[in-house]
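I sat down with this one and kept a running notebook as I went. Here are my entries, in the order I wrote them.

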Amino acid sequence: MSQIRLPETNENGYYEIRLESIGGLGANLCGKLLGELGAVYLGLNSASFSSYGSEKRGSPVKAFIRWCGEDEEIRINSPVENPHILGLFHEAMAGKQPVMAGVTEYTKVIVNTDSTPDEMREKLKLHAGELYCVDALKIAMEAKSRINMVMLGAIAKASGFIPMEAIEQIIRDTVGKKYPQLLECNLLGARLGYESAWGKAYRDDGKYEAVPYEETKNRWGYENAPIGGVNPRFGSTVSNDLSASREGYIPLFIQERCINCGLCDTTCPDMVFQFKPGEYKGKAAMVNAGLDYHHCKGCLRCVEVCPTNALVAGLEREHPDKQWFVRNKDLIVDRLEFEDAGANSWVTSESYLDERRIEGGVV
Ligand code: SF4
Ligand code: SF4
């Protein structure tokens, strides 16, 4: 493919892309594909790398891509601070991570969301820039593709210069070779992402302030870390909200079918199930009181293991009460009011957030 002319570059001569995501949504692969796309398919010089923690679903992931003309060299290996394109793989990250840091008036922000650009601007507190929305989750589910493929198509659309043919070719040459049976689904996901992404430009009207980019600092360093590097807070993922890791599905709990065998609890990697002292078949027993969706990453292992179908897979969007809870748990002041809204009060994070489990279990 002939060399693409970059529409704009920064003072170093680079066109830069940053992807902000949660482990499990495929931003790392998307970043690698964009890096390869620049070098092999667009005739540019290209560099890309990702930054992530424990390779666990739910942990923050960033991918950085830098392009420049073939007659220039990339001499910087640091994170992208002021991206031309910012891909946000889950809208739930807004406000929890400084995902908007470094956005300028020339940044094109692409968000996986079912909201409109105006609604999304409010959620992201975007001061200026072009905001593109694409319902990547819904498209990925319908096309049986992945969110990262849909985002790839949406990024091409928002860029205004990445040809969709190049995106399709790299999907064929990479993902298609590794997973040939999924090629058509992934191509469809990328095409639908391209067609569905729609955007709006916002000038700096003074409504929100620009957020400067800062490297995330570890809370513990050589001066204050516990001796031996021991983590004294066992169960320290207590406040870890994994809801952004789910890809459209949640386990639904049908209590009447439950025999309180505890298999779900031992299978679940994230301590989602809440057992409390109760009675089963006339005897004192630990009774399954439901799920804490705050910690559920939607892997559905519990559904596979449940012997009585007390856990079944459901579409998260068909259960807005749970979605509402996950997004608004900080607003709940009156549990009865919450139950009146039709929600299961045991789907709460109270026991976790109070760290009662650390102190000896749910009471
Ligand atoms: S595996 Fe199924 S039956 Fe057993 S405790 Fe969990 S939900 Fe109940
Ligand atoms: S889907 Fe089930 S096993 Fe997976 S995190 Fe959620 S509750 Fe745990």
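What follows are my notes on the main sheet, two helices, a hairpin and the ligand surroundings.

**Entry: model.** I noted before anything else that this is a predicted model.

**Entry: the open sheet.** I traced the strand order and got β2-β3-β1-β4-β5-β6-β7, seven strands in an open sheet with mixed pairing. At the edges I found β2 (45-52) and β7 (198-202), each of which pairs on one side only. I get an average twist of 15° from one strand to the next.

I then looked at what sits on the sheet. Helix α1 (residues 27-41) packs there, and I have it touching β1 (15-22), β2 and β3 (60-68). The direction of α1 makes about 5° with that of β3.

I also checked how β6 and β7 run. They are antiparallel, joined by five bridges. For a landmark I picked Y132, which stands opposite G199 in β7. A reminder to myself: strands of a sheet pair through backbone hydrogen bonds, either parallel or antiparallel.

**Entry: helix α3.** Which residues of α3 are buried? I listed A136, L137, I139, A140 and A143 for this helix, which spans residues 136-143. They cover an arc of only 165° around the axis, so they lie on the same side of α3.

Next I asked what the buried residues of α3 pack against. I found two strands of the sheet, β5 (108-112) and β6 (129-134), and also the helices α4 (147-159) and α6 (183-196). Just past the end of α3 I marked K144, which takes a positive phi of about 55°.

**Entry: R121.** I stopped at this arginine in helix α2 (residues 117-124). Is R121 buried or exposed? I put R121 down as buried because its relative accessibility is 5%, and the cut-off for buried is under 20%.

I wanted the company R121 keeps beyond its neighbours within four places in sequence. The contacts I wrote down are L126, H127, L131, Y202, R203, D205, K207 and Y208. Of these, I note that L131 falls within β6 (129-134) and that Y202 falls within β7 (198-202).

**Entry: the β9-β10 hairpin.** I moved on to strand β9 (residues 273-280), which pairs with β10 in the antiparallel sense over seven bridges. The two strands form a hairpin with two residues between them. In that turn I flagged K281, with a positive phi of about 55°. Across the pair, K276 stands opposite V287 in β10.

A285 is in β10 too, which covers residues 283-291. I count A285 as partly exposed, because its relative accessibility is 26%. Not counting residues up to four places away in sequence, A285 touches K276, P277, G278, E279 and Y280. I also looked up N260: 25 residues separate it from A285 in sequence, and the C-alpha to C-alpha distance is 8.3 Å.

**Entry: ligand 1.** How many residues surround ligand 1? I have 15, and the closest are C258, C261, G262, C264 and C306. By type, this shell splits into eleven nonpolar, four polar and no charged residues.

**Entry: ligand 2.** The shell here includes the cysteines C268, C296, C299 and C302. I also wrote down P251, P269, V272, F273, L291, K297, G298 and L300 around ligand 2. My split for this shell is ten nonpolar, one polar and one charged.

Terms used:
Residues are numbered from 1 along each chain as its sequence is written. Chains are lettered from A and ligands numbered from 1 in the order in which they are written. This is a predicted model: local features need pLDDT of at least 70, side-chain atom pairs count only at pLDDT 80 or more; totals for chains, interfaces and linings use all residues. Side-chain values use heavy atoms; hydrogens and water are left out. Buried means under 20% relative accessible area, exposed over 50%, partly exposed in between (1.4 Å probe, protein chains only). Helices (H or I, at least four residues) and strands (E, at least two) are DSSP runs, numbered from the N terminus. The arc is that of the directions from the helix axis to the C-beta atoms. Contact means heavy atoms within 4.5 Å. A residue is near a molecule or strand if one of its heavy atoms lies within 4 Å of it. Ala, Val, Leu, Ile, Met, Phe, Trp, Tyr, Cys and Pro count as nonpolar, Asp, Glu, Lys and Arg as charged, and the others, Gly among them, as polar. Two strands pair if DSSP finds at least two bridges between them. Axes are lines fitted to C-alpha atoms, for helices over the stretch in contact, and angles run from 0 to 180 degrees between N-to-C directions.
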